Amino acid sequence: MLKTQSLDVESIRAAFPILKRKVHGKKLVYLDNAATTQKPRSVVKAISDYYNKYNANPHRGVHELSIDATEAFDESRRRIGKFIGAGAFEEVIFTRGATESLNLVRFGWGVPHIEADDLIVLTIMEHHSNIVPWQLLAAEKGARIEFVGITEDGKLDMEQFEELMAESPALVAFTHSSNVLGTINDVKKLCSIAKKSGATTVVDGAQSVPHMPVDVQQMDCDFLAFSGHKMLGPMGIGILYARKEKLREMQPFQSGGDMIKEVHTSGATWNDLPYKFEAGTQNVEGAVGLRAAVEYLESLGMEKVRQHEEDIVGYAMEKMSAVPGITIYGPKEASERGGVVSFNLGDIHAHDMASILDEEGVAVRSGHHCAQPLIESLGIPAATRASFYVYNTREEVDALMDALAKARRIFCI
Amino acid sequence: MSSSDIYRELILDYYRNPRNFGKLDPHDIDAKDSNPLCGDEVEIQIKVSPDNKIEDIRFFGKGCAISQASASMLTELAKGKPLEWTKELSKQDILKMLGTSDLGPARIKCALLSMKVLKTGVYGYLGTTLPESADH
């Protein structure tokens, strides 16, 4: 393994105890990072330190522990906001994950702003979490949804995108990086075109924020949603970045404690931003865990993280393309893809493939990857996906190749 | 149970050359279901004889080798049997039919999908409710 061009992968691997685990007597080769990533010691320690040293309900008590917890929570928000280039503290809202972030946009912004016959534009490469909330919103309001398709090499059909933008959509929601095709969309360009047409822009950053430098100022999006657990952080914590102007025109999402300023029998007034959108006792362990994850990634450098993934994906694409009977989906060049490689091999169904790879210790994902419209548009029942991260090595790609060879032997391909 | 064990020639043969594959017209029973995790789909159609036996049966679907081979083998097993027979059908019978003792929690649903569809269809036809646990 040693040093790839950019990252010291050996020392990175040493920070992830789980990577030493054996699976079915074989070395674990964890290639399911687009589903969730493993956690470095520093993240686990941040969580245990919180519980061992300063656990309390933030924003409520006046006692020392509560003040510590409040400070840690707010400091986490500041650090995470800085990581994505947020302009202000209140633009960073804690959620349970990207799914809740997108639902927050649906209820907070969508419900008061989307009207009958409005147009909502999505893309065919979206994860279900960036489709279903808009379908429900459209059904509620009598709005209409159009999907932008893809070209043969798995890139967004820009001609169709521009055509739809000419129809002045109210809302445009798209992924930064496809969790199946790996396609990296030119968010800056898409946001700029959408903005000119007067649309509000929602970016699903679940597969990009963990893997490449992301700057919301540069992208110029209105909303950006992502999850902590896909970027070395804990599960159950995520972020919604919301541009300040948008925040001001949003209604509360969930309601109850902490999101109010005053409550009387006659009604209630709302807390300041961003607390207006954070009802109930917050996930402090998640916030400090995610902060530790962000600090870990910053210590590696996001440029280098991206470079490492490009190297691994390039190597995997080169090796895999040579396998007879294989179909790889998405752009051909590693420079145009995120850290995922989805494929089918002969008539081996993805689930059979994943079972066989698992026997060899290789953990991959199989199925429709929560992107059924995309899988249907590709005309396949399912796909197998290998997805990479900072701790993966070329040797692990070789282990994947050996496991693929075994699958071919079993299925006589 | 290792995957190399389950993917024996027999299973692959049924996957690639499924018996009783297709639609059945006319039919008396038509039931289908899918497995949301895998996207496996199985539809079963049955022609019932006057003495309530499975006179003819076909299946239609798509999915992994285990789900499709299991469906095909089950149609062979069910042909000619009284409808009542399907009520007694259990997870153990399906595992035995596939020639394995266990499949693990991730894949057992693939194997049992066709049994669930068969039972749903037969119970519906007989006008009775399917018991909560289909793999009793």
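The following exercises, each with a worked solution, concern a predicted model.

**Exercise 1. Describe the open sheet of chain A: in what order do its strands lie, and which strands form its edges?**

Solution. Begin with the strand order, which in this open sheet of 7 strands reads β4-β10-β9-β8-β7-β5-β6 (chain A), with mixed pairing. The edges are then β4 (92-95) and β6 (144-148) of chain A, each of which pairs on one side only. As for the twist, neighbouring strands of this sheet are turned by 20 degrees against each other on average, direction ignored. Within the sheet, take β7 (residues 171-175) and β8 (residues 200-204) of chain A, which pair in the parallel sense over 5 bridges; here Phe174(A) has Val203(A) of β8(A) as its bridge partner. Finally, add the helix: α5 (residues 132-141) of chain A lies across β5 (119-123), β6 and β7 of chain A, and runs at about 150 degrees to β6(A).

**Exercise 2. Determine which strands are joined to β17 (residues 383-387) of chain A, and whether its faces are covered or open.**

Solution. Consider the partners one at a time. Strand β14 (residues 340-345) of chain A is joined to β17(A) by 4 bridges and runs antiparallel to it, with Val340(A) having Ser387(A) as its bridge partner. Strand β16 (residues 365-367) of chain A is also antiparallel to β17(A), through 3 bridges, and in this pairing Gly367(A) stands opposite Ala383(A). Turning to burial, 5 of the 5 residues of β17(A) are buried. Both faces are covered, with Ala383(A), Arg385(A) and Ser387(A) on one side and Thr384(A) and Ala386(A) on the other.

**Exercise 3. Check the length of helix α6 (residues 108-126) of chain B against the expected span, and locate its kink.**

Solution. At 1.5 Å a residue, the 19 residues of α6(B) should span 27 Å, and the end C-alpha atoms are 27 Å apart, so the two values agree. The helix nevertheless has a kink of about 30 degrees, centred on Ser114(B). Ser114(B) is itself among the buried residues of α6(B), which also include Leu113(B), Met115(B) and Lys119(B). After the helix comes Gly127(B), whose phi is positive, near 75 degrees.

**Exercise 4. Characterise the side of chain A that touches chain B: which helix gives the largest share, and how do the residues divide?**

Solution. Start from the contacts, in which 12 residues of chain A meet 14 residues of chain B. Helix α12 (residues 350-359) of chain A supplies the largest share of the chain A side, 5 residues. By character, the residues of that side divide into 5 nonpolar, 5 polar and 2 charged.

Notes:
Residues numbered from 1 in each chain as written. Chains lettered and ligands numbered in written order. Predicted model: local features only at pLDDT ≥ 70, side-chain atom pairs only at ≥ 80, totals over all residues. Pairing = 2+ DSSP bridges. Helix = DSSP H or I, 4+ residues; strand = E, 2+ residues; numbered from the N terminus. Axes fitted to C-alpha atoms, helices over the stretch in contact; angles between N-to-C directions. Contact = placed C-beta atoms within 7 Å. Nonpolar A, V, L, I, M, F, W, Y, C, P; charged D, E, K, R; others polar. Expected span 1.5 Å × (residues − 1). Bend = angle between axes of the 7 residues up to and from the residue. Buried ≥ 20, exposed ≤ 12 C-beta atoms within 10 Å, placed from the backbone.
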